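Please open the model in your viewer and keep the selection panel at hand. The tour goes from one selection to the next, with a short account of what is found at each stop.

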Number of protein chains: 4
Amino acid sequence: MQIVNNKDTDWSYVIGSYKQPVASIKPGEVFKIETLDAFGNKVDSSTSDITKLIQMPYVNPLTGPIYVEGAKKGDALAVKIISIEAARDYGVSAIIPEFGGLCATPLTRTLNDPLPPRVMIHPIENDSVIFSKDLNIAPIPFEPFYGTIGTSPEIEAVSSLSPGNHGGNMDAADVCPGNTIILPVNVDGGLLYIGDGHAAQGDAEVCGVATEIPTLGTLRVELIKGLYLRNPRVESNEFIMTIGSARPMEDAARIAFYELIMWLQDDYGIEKLIAYQLCSQVARVRLANMVDTLYSVVAKFPKKYLPKLN
Amino acid sequence: MQIVNNKDTDWSYVIGSYKQPVASIKPGEVFKIETLDAFGNKVDSSTSDITKLIQMPYVNPLTGPIYVEGAKKGDALAVKIISIEAARDYGVSAIIPEFGGLCATPLTRTLNDPLPPRVMIHPIENDSVIFSKDLNIAPIPFEPFYGTIGTSPEIEAVSSLSPGNHGGNMDAADVCPGNTIILPVNVDGGLLYIGDGHAAQGDAEVCGVATEIPTLGTLRVELIKGLYLRNPRVESNEFIMTIGSARPMEDAARIAFYELIMWLQDDYGIEKLIAYQLCSQVARVRLANMVDTLYSVVAKFPKKYLPKLN
Amino acid sequence: MQIVNNKDTDWSYVIGSYKQPVASIKPGEVFKIETLDAFGNKVDSSTSDITKLIQMPYVNPLTGPIYVEGAKKGDALAVKIISIEAARDYGVSAIIPEFGGLCATPLTRTLNDPLPPRVMIHPIENDSVIFSKDLNIAPIPFEPFYGTIGTSPEIEAVSSLSPGNHGGNMDAADVCPGNTIILPVNVDGGLLYIGDGHAAQGDAEVCGVATEIPTLGTLRVELIKGLYLRNPRVESNEFIMTIGSARPMEDAARIAFYELIMWLQDDYGIEKLIAYQLCSQVARVRLANMVDTLYSVVAKFPKKYLPKLN
Amino acid sequence: MQIVNNKDTDWSYVIGSYKQPVASIKPGEVFKIETLDAFGNKVDSSTSDITKLIQMPYVNPLTGPIYVEGAKKGDALAVKIISIEAARDYGVSAIIPEFGGLCATPLTRTLNDPLPPRVMIHPIENDSVIFSKDLNIAPIPFEPFYGTIGTSPEIEAVSSLSPGNHGGNMDAADVCPGNTIILPVNVDGGLLYIGDGHAAQGDAEVCGVATEIPTLGTLRVELIKGLYLRNPRVESNEFIMTIGSARPMEDAARIAFYELIMWLQDDYGIEKLIAYQLCSQVARVRLANMVDTLYSVVAKFPKKYLPKLN
């Protein structure tokens, strides 16, 4: 089985079409993928100086681009995540002085003094994450997902720290084993990038950092010819989902719900204004992150309320 | 048992201290409360002309104010919701032309033509809401809650359509039977207002209207002396929760998480920056509404991760 | 000539209809009005402890309500500002720890430490404001205006710190001598409130405080029967203007431009989409404040580009 | 004198470092530059179908990149605009269905029907722009500027439609003859891009389109070694200015004011909190655009209030 990584080249800090593919896969092929953690595996102690180890813009290294054979602009890639393993026995979280949801940042600029940096090391044991050996807090289930997954825009090269219509750094816990992420193809081969494994994460990823881990994943990518997407979709057993990434956060929510409603109209025959009214009764929402250059919101429609076709 | 309603006076369209209480209750007293639906029970058919039946600002009539004996500025009210029954065998939802999450509104003004109005009547049968007899969609569980609950600000009188630090029209499904809502007291007696019953509602209440019902509820209000709150809190068996209401939506999320973190520090001894980092791993978020004059976000901390005290 | 003030009653900290008028005026009558500064004239030294002198919500005392004879819901008031004098030989500005455009606030909540408080006293001499006797900075022209002017909403009572559709704390330097402010009437008598005199202010009022002064003003109020307004308008010799107050700031700008365009269509016969395209070539914008509970944006159309009628 | 254009290669639709320079200039060298209009000079009639002529993402073609000899990461480029001539005797404006400040867009998504497209041709005669030969509207002064000017980010390639820390599509009328635009250098040679000439534009560019023209400009670029900038600056005879680009709009204003205040502290010795308080009395603001993927706000400090150095 093919094992994809960027060990023989540079890791990718943008998602775009200006770099040679590191691997080529066939639709339907099962393959392995190795990813570094968001800090390039460089933070290994609670005494690490994260303000030195992180040098913008070289944060959140991604594996890729992966060329998918036959993919052309106007198609979509359906990425089935079969499994994600932690490639290390601990995760890392941190407070980064001008990054996060409850502090001044380069976008929400203020004159207040920045927060102090801090690193925490979280052991991963028995399918659990230990937040702190000192604090008497119950173990957190190991529920891994990819914080970052995306395909190349047509002409832009987007920071691996940013989400967008192309996917990217959405920090959506729905990008997890068992689910399928459907991404637009804008250039030949689609050019898939993946990284930013999380062993655990709360909704909103409020301090800006989850339990960051390197991973070994198993994936299968299907090619959907002629499915034009404006934004990423996700499918699980329970939900069909769409992800909007924008600022302010209401615009992210508007995008996600607009796409969900158009999907209900296009594929399930529910006229869009009825779908709008129905979503108002049964939809679920995940606030994926409130910390990145754009915020990401997942709008979720429970499959049990899809019209029963005869 | 006392039954509180506004039948002998006007229903309340603002939350404030300028109206005589309709009832007085003692802390710990169990009482009943009757509420109209958000349209004043005036919409009863899918052919109702909602643009005529709704005359701003006389929308979302509330029951109250209720005077709580002994409540003084600086205290808090803990409102335990024991039960909520539908006082009618159907709910109403609607599309209102310049109201909702995916349309131009008086706040997000555009030159596009408005959406067409529409009313749907949703039968309530066997603890389920029937979205439509025509569409083949599974019944939605009857999960009632109050869209609006709040206490009087000190000097302002706030539209019953608006949420805020005082609670109000938050549309948070966590304001449901079994849970306790904790609200600030800013004036003598607290002056509690309740209304806007929902038989079902999706996260975000995206079209602006849930399955609206009149209700008969059973409540008990406890007085917490000397608990100063900036914003509403909710407690369930599973979560401690805080609610922020603001625009843009990220400010609502910031308020909710700030209050959750300060609560974790003040009552559970987790230093605030550690609480921040912990929430980033385990918190949950409900987007309560993306449609009102302010948006409401619920930040939720799972009680299972509270420090175990010895 | 009538001199209006609140010396025989309380100053007003909300704009609403729940307080008895302090004066009644006839349309066309010229009258004087006295206002306190935003701090109730209580800050008189650079060593004043502003965090003690300001006790929320009792900030920004207003003069009023003033009852305008004959005003009914659906009319408008045209308030001509004839003159504004400083009623003191100095102005006050300040940094207030959790208030302002470049710091964490109760709405944009963060965990950063607050800014330190500071008061500056600015002498007013020879029609100039002296920012600092120590710093070698050129005198600032004395260009007084009212930071706050508004009429009562129909049922709400709005904090004097907040702007809105009713006017209020807009901090728009266009509310100055020579100009006419046109406000909606929502209740009998209109109920006009005025205060928050500024001797000088930059666009955006970025630290949240201008050069605050008590004032003696001379006004004339005309009644415009049957002019329904959703938002305040201003007229000067050079511009017709509309003011939008909302968050996020783009919504304030949307409201202001929408109203400007509808005004161009309704009164000047420029079809709204042409007016939209024309504004894109010639409009001017003032960012009035980026610090209040809502932000205020003034959209300005130069009268020289109004269609010349024959 | 060197004449720079992209006639022998493709025009640039992203600002980045992945394309070969089209010219190399020496610091201090005066050169000419030719730019196409934002529609690639393809719209020449009021009956042009703009929805067909514009094919995303190939909009707003830029001239460049221009390599500046000696420029290294951490330096800055000071671009003096000596003159801008219209290279055509008319400008073009348009309504583009899902683009603009007062309509639903791909970011502020709604279910409302889109606005209809429309093109207007504006003759340029005698240093004036004629908005319409039919409407009796006074001529608009020809006041040309570049809507787009920027330098390459370090690793990203940003759409020519987007502004940002690198400059880009800011639509700031201060980027005009007589003024100097100072931009960060992130890569060798800086890699300057220019385009999007406007013959006239209102603040906010509210419909999303100014009076678009191809241009012939004359420029001189100076290299400022060791001046690290986070965001663009502009200098005129009257003002020092900083530009912030972000969403929501208040974040753009925060960035602009933060940078202005730090500039006042770093270069003029005004301690930052005093500069904050001073800006609150004397600053001016231009809302440059409220229509692009990010909004741009210009914070302006009048030079007459700079401390007089002895």
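Begin by selecting chain A and chain B of this predicted model, and look at the contact between them, which takes 49 residues from chain B and 49 residues from chain A. On the side of chain B that touches chain A, at least two residues each come from strand 7 (90–95), strand 8 (118–125), helix 2 (249–268), helix 3 (272–282) and strand 21 (284–289) of chain B. Helix 3 of chain B gives the most to that side, with eight residues. If you colour this side of chain B by residue type, you will find 32 nonpolar, nine polar and eight charged residues.

Next, keep only helix 2 and helix 3 of chain B, which pack at an angle of about 125° with their axes 9 Å apart. The two helices of chain B are therefore oblique to each other, and their crossing is right-handed. To see what makes the contact, show the side chains of Phe257(B), Leu260(B), Ile261(B), Met262(B), Leu264(B) and Gln265(B) on helix 2 of chain B, together with Lys272(B), Ala275(B), Tyr276(B) and Cys279(B) on helix 3 of chain B. The residues of this helix contact divide into eight nonpolar, one polar and one charged.

Finally, select chain A with chain D: a turn of 180° and a shift of 0.0 Å along the axis lay chain A on chain D with an RMSD of 0.0 Å, which is the relation of a two-fold axis. Ala157(A) is the residue of chain A that comes closest to the rotation axis, its C-alpha lying at 2.3 Å. Because 100% of the interface residues of chain A are also interface residues in chain D, the copies meet through the same surface.

Technical notes. Residues are numbered from 1 along each chain as its sequence is written. Chains are lettered from A and ligands numbered from 1 in the order in which they are written. This is a predicted model: local features need pLDDT of at least 70, side-chain atom pairs count only at pLDDT 80 or more; totals for chains, interfaces and linings use all residues. Copies are superposed by least squares on the C-alpha atoms of residues with pLDDT of at least 70 in both. Two residues are in contact if their C-beta atoms, placed from the backbone, lie within 7 Å. Helices (H or I, at least four residues) and strands (E, at least two) are DSSP runs, numbered from the N terminus. Ala, Val, Leu, Ile, Met, Phe, Trp, Tyr, Cys and Pro count as nonpolar, Asp, Glu, Lys and Arg as charged, and the others, Gly among them, as polar. Axes are lines fitted to C-alpha atoms, for helices over the stretch in contact, and angles run from 0 to 180 degrees between N-to-C directions. Angles under 35 degrees count as roughly parallel, over 145 as roughly antiparallel, 65 to 115 as roughly perpendicular and the rest as oblique. A crossing is left-handed if the near helix is turned anticlockwise from the far one by less than a right angle, and right-handed if clockwise.
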